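Colleague: Please take me through one part of this model in detail. I would like the buried side of it, and the rings around it.

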Amino acid sequence: MDNFTEFETPANIPSKEAGSIISHALEIFKNTFLYCFLAVVIYFLLSYLIQPVTGFNSTMLMEEIKERGNGYSYNDLIATPGVVAYGGVSFFVGLLLAPIFVGLIYIANKSNFRKTITVSDLFFAYRQNFVHIFIYALITQIVLTIAFLMCFLPAILILPFFFLGYPILIFENAGAIDALKKSFNIAQENYGTLLLTALLAALISIAGIVLCCVGIYLTIPFFYIAMYSAYCAYLGAPRQL
């Protein structure tokens, strides 16, 4: 495996245990916090800016939900003006912005190697394997959406199979299908550990909701940092790109 330097670099590599991987990710997250925050701000800012185009108003929706409480149903949500159009446009914008979050994985690697990080690193994935990252994001979103519609549990159970795909795409310059296959194979052999790691990472990532939703700006990127830490645990620390 000539594209790894597990024994030649000062990078910190966690053991193949969920606790070690999460601890490794938390340390990197702490060191890259400002870039993680910037990535989420960009995402939510663009999501807000496309609302006028679709005729959707999230502020009015939140006020109505708060006013009606438990009386607000899924059918009411679908009937909200512009919500369907906003959902479709937001889905596409999310795919286009996926490389920004993948860029956090690249930043995590630079932090792990104690290299200088710049804001431009956040957009690295647009220059590195963008097409396959877009395809992988599309496949992932479709599968997870279907799984969530079926039931919450299936979506949770399939998370480990996609967990290493993005790091493989960016560090190995793999195709979307090849990255999916490699991630799937590793998850098959280490399913329990990766499931626990993904669950812990997801819980930490959505913990910001507790802080009146504002805190989610601070915690969402952690899931991507955890992907990098898991990649290091199972495949070693990748070379600098």
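Modeller: Start with S183. Its relative accessibility is 0%, so S183 counts as buried; the cut-off for that label is under 20%. Bear in mind that this is a predicted model. S183 sits in helix α10 (residues 176-189). What is S183 in contact with, leaving aside its neighbours within four places in sequence? The partners are Y136, P160, F161, F162, F163, L164, G165 and I168.

Take Y136 from that set next. Y136 belongs to helix α7 (residues 130-150), and its ring pairs with that of Y166, in helix α9 (residues 165-172). The two tyrosines are 30 residues apart, so the pair links distant parts of the chain. How do the two rings meet? The centres of Y136 and Y166 are 5.1 Å apart and the planes stand at 65 degrees, so the pair is edge-to-face; over 60 degrees is what that label requires. Both Y136 and Y166 are buried.

Now widen the view to the ring cluster. Ring pairs join Y136 and Y166 with Y43, F44, F101, F162 and Y224. F162 is thus a member of this cluster and also a contact of S183. In total there are 18 aromatic pairs. One of them is F33 with F37, a stacked pair with 6.4 Å between centres and 20 degrees between planes. Why are F33 and F37 separated by about one helical turn? Because they are four residues apart in helix α2 (residues 33-49). F33 has 32% relative accessibility and so counts as partly exposed. F37, at 34%, also counts as partly exposed. Y136 and Y166, by contrast, are buried.

Y166 leads on to the nonpolar core. The largest such core has 70 residues, and L104 and Y166 touch the most other members. Not counting residues up to four places away in sequence, L104 touches Y35, C36, A39, L122, P221 and I225. As a general background, nonpolar side chains tend to be buried together in soluble globular proteins.

Last, the setting. The protein has 13 helices and zero strands. Of its 241 residues, 46% count as buried. Among contacts with a separation of 6 or more, 74% come from residues 24 or more positions apart. The accessible surface comes to about 12300 Å², and carbon and sulfur atoms hold 67% of that.

Note on methods. Residues are numbered from 1 along each chain as its sequence is written. This is a predicted model: local features need pLDDT of at least 70, side-chain atom pairs count only at pLDDT 80 or more; totals for chains, interfaces and linings use all residues. Side-chain values use heavy atoms; hydrogens and water are left out. Rings of Phe, Tyr and Trp (its six-membered ring) pair if their centres lie within 6.5 Å; planes under 30 degrees apart count as stacked, over 60 as edge-to-face and the rest as tilted. Buried means under 20% relative accessible area, exposed over 50%, partly exposed in between (1.4 Å probe, protein chains only). A nonpolar core is a set of buried Ala, Val, Leu, Ile, Met, Phe, Trp, Tyr and Cys residues joined through side-chain atoms within 4.5 Å. Contact means heavy atoms within 4.5 Å. Accessible areas come from the Shrake-Rupley method with a 1.4 Å probe; for residues, only the protein chains shown count as cover.
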